[in-house]
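Reader: Hey, could you walk me through a structure? I'd like to start with the rings and then look at the core.

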Amino acid sequence: MKPLRNDCFALPPGVNWTPVDEALERLHARLHPVVDVEHSVPLARVNGRILASDVYAPRSHPPSSNSAVDGYALAGPLTEVPCVLPLVEGRSAAGEPYRERVAAGQAIRILTGAVIPAGTDTVVLEEDCEVVDGQLHLQGTLKAGANVRQAGEDILAQDKILTEGTRLTPTEISVLASVGVESVDVYQRLRVGVLSTGDEVKPVGSAVSEWQIYDANLPMLSALVEQLGYQLVNLGHVLDRAEDVKAALERGAQQCDLILTSGGISAGDEDHVSKTLKAHGDISNWRIAIKPGRPLALAMYQGTPVVGLPGNPVAAWVCALRFGAPAMALLAGRGWFEPQAYVMPANFHKNKKPGRSEMLRARVRDGQVEVFGSEGSGRVTGLAWSEGLVELDESAQQIEPGTPVRFMPYASFGL
């Protein structure tokens with residue numbers, strides 16, 4: 001894959017605050033897959049991987065017409081009732097098909113999944129008939145093809161069954177296996193480095209002073225990367241020291257396809273991530289018109305893209321989902337996606353000012369959307385409480401119970 005350009009994140013002259021939709025459009029336009037292809041990977045090893053080429057069915061599914069029920073196979077339609085048909089000796093079972101032809105005016109015992117014998121095309125349900133002295137007694141009419149799964153009705157040989165960029169899950173793998181596909185080409189896993197920064201932040205398990213906090217971002221973002229199906233590269237935590245940040249970014253540039261950082265991306269004295277990227281890389285500080293969030297550093301460092309997230313955990317989570325998840329998907333070969341949103345009635349009050357989008361931690365109860373009681377970006381309990389996000393656009397809005405709002409469940413981001 002060709003590398004990204006150093007100026008791929010540059011904003012046009014005069015751009016200040018960037019609306020969410022515009023920021024997403026720019027990211028979409030300026031990124032492309034950066035991972036190579038791994039060929040002929042067995043199905044046992046493709047769960048969570050991304051297809052690198054279209055897949056075509058080598059055979060039909062089902063390969064032969066078969067019975068959907070236990071009953072009796074005959075030539076349809078059945079229009080003159082009541083009637084009596086002699087039964088052929090034997091039966092057709094899923095693992096042992098009947099190999100002779102059934103003569104016209106006769107019927108044969110058949111079990112669910114069994115191949116439809118030659119000379120028949122219809123199956124009467126066992127409960128709808130009666131067998132007396134080797135003869136089948138029928139009381140009701142039946143259209144031709146009833147209770148039969150036709151050959152190829154699901155998949156025809158040479159049909160395209162999966163498209164390049166599809167993330168393979170158990171359901172897609174079942175489709176591949178059903179037509180005998182043994183292996184597929186997939187993209188190599190996107191290697192995502194996660195780096196946490198800050199003097200006030202300490203790794204869990206460390207001794208802390210009263211003014212220090214435990215690092216929630218590193219384990220949160222690491223788990224996000226792994227759950228999205230990418231290869232995690234743990235770059236650890238570094239203090240607010242220019243040389244430490246530079247060394248961590250250099251490690252990441254050597255080992256990763258993308259680096260996620262948290263903290264240190266504003267313009268303060270100790271914001272060494274943004275300073276290091278300015279001094280040794282190519283950075284564009286995007287001030288996104290979004291709450292929580294706003295600062296989002298997009299940079300290239302020694303040929304590796306860097307997404308600099310805010311330090312507050314809620315803001316880091318929101319920006320990682322809204323901007324990081326689709327960007328990672330595109331870099332990984334999956335393609336850009338917009339999370340599925342559902343318009344549902346609100347069960348909360350909100351007086352929103354104009355000028356920026358707002359992302360509220362939310363969940364659905366009894367068909368209505370409720371939001372977490374505090375909007376503070378340090379309130380991590382709201383992350384565990386929530387099941388998705390409510391997105392309010394830049395316009396001024398007065399939300400009352402019953403007002404339609406857009407709810408995006410976390411599952412729509414690939415979680």
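Author: Sure, we'll take the aromatic rings, then a hairpin, then the nonpolar cores. Keep in mind that this is a predicted model.

Reader: OK, how many aromatic pairs are there?

Author: The count comes to two. One of them is Trp 317 with Tyr 410, an edge-to-face pair with 5.5 Å centre to centre and 85 degrees between the planes.

Reader: Where do Trp 317 and Tyr 410 lie?

Author: Trp 317 is in helix H6, residues 313–331, while Tyr 410 is in the segment after strand E29 (404–409), so the pair ties together parts 93 residues apart in sequence.

Reader: Is Trp 317 buried or exposed? And what about Tyr 410?

Author: Trp 317 counts as buried because its relative accessibility is 12%, and the cut-off for buried is under 20%. Tyr 410 is buried too, at 11%.

Reader: And what's the pair with Phe 372 like?

Author: Phe 372 partners Trp 385, and their ring centres are 5.5 Å apart with the planes at 55 degrees, so that pair is tilted. Phe 372 sits in the loop between strand E26 (368–371) and helix H7 (381–385), and Trp 385 is in H7, 13 residues apart. Phe 372 has 16% relative accessibility, so it's buried.

Reader: Which charges sit over rings?

Author: Arg 109 lies over the face of Tyr 72, 5.3 Å from the ring centre. Arg 334 has its charged end over the ring of Phe 337, at 5.5 Å from the centre.

Reader: Switching topic: you mentioned E26. Which strand does E26 pair with?

Author: Strand E25 (residues 357–365) pairs with E26 in the antiparallel sense, over four bridges. Arg 365 stands opposite Gln 368. The two strands make a hairpin with two residues between them, and Asp 366 in the turn has a positive phi of about 55 degrees.

Reader: Cool. Now the core: which residues touch the most other members in the largest one?

Author: That would be Leu 190, Tyr 230, Leu 309 and Phe 323, out of 52 residues in the largest nonpolar core. Elements giving two or more residues to this core include helix H1 (20–30), strand E14 (191–197) and H6. H6 gives the largest share, 14 residues.

Reader: What does Phe 323 touch?

Author: Leaving out residues up to four places away in sequence, Phe 323 touches Val 20, Ala 23, Leu 24, Leu 27, Ile 288, Ile 290 and Leu 296.

Reader: What other core is there?

Author: Apart from the largest core lies another of 17 residues, including Leu 235, Ala 248, Ala 253 and Leu 277.

Technical notes:
Residues are numbered from 1 along each chain as its sequence is written. This is a predicted model: local features need pLDDT of at least 70, side-chain atom pairs count only at pLDDT 80 or more; totals for chains, interfaces and linings use all residues. Side-chain values use heavy atoms; hydrogens and water are left out. Rings of Phe, Tyr and Trp (its six-membered ring) pair if their centres lie within 6.5 Å; planes under 30 degrees apart count as stacked, over 60 as edge-to-face and the rest as tilted. Buried means under 20% relative accessible area, exposed over 50%, partly exposed in between (1.4 Å probe, protein chains only). A charge sits over a ring if NZ of Lys or CZ of Arg is within 6 Å of the ring centre and within 35 degrees of the ring normal. Two strands pair if DSSP finds at least two bridges between them. A nonpolar core is a set of buried Ala, Val, Leu, Ile, Met, Phe, Trp, Tyr and Cys residues joined through side-chain atoms within 4.5 Å. Contact means heavy atoms within 4.5 Å.
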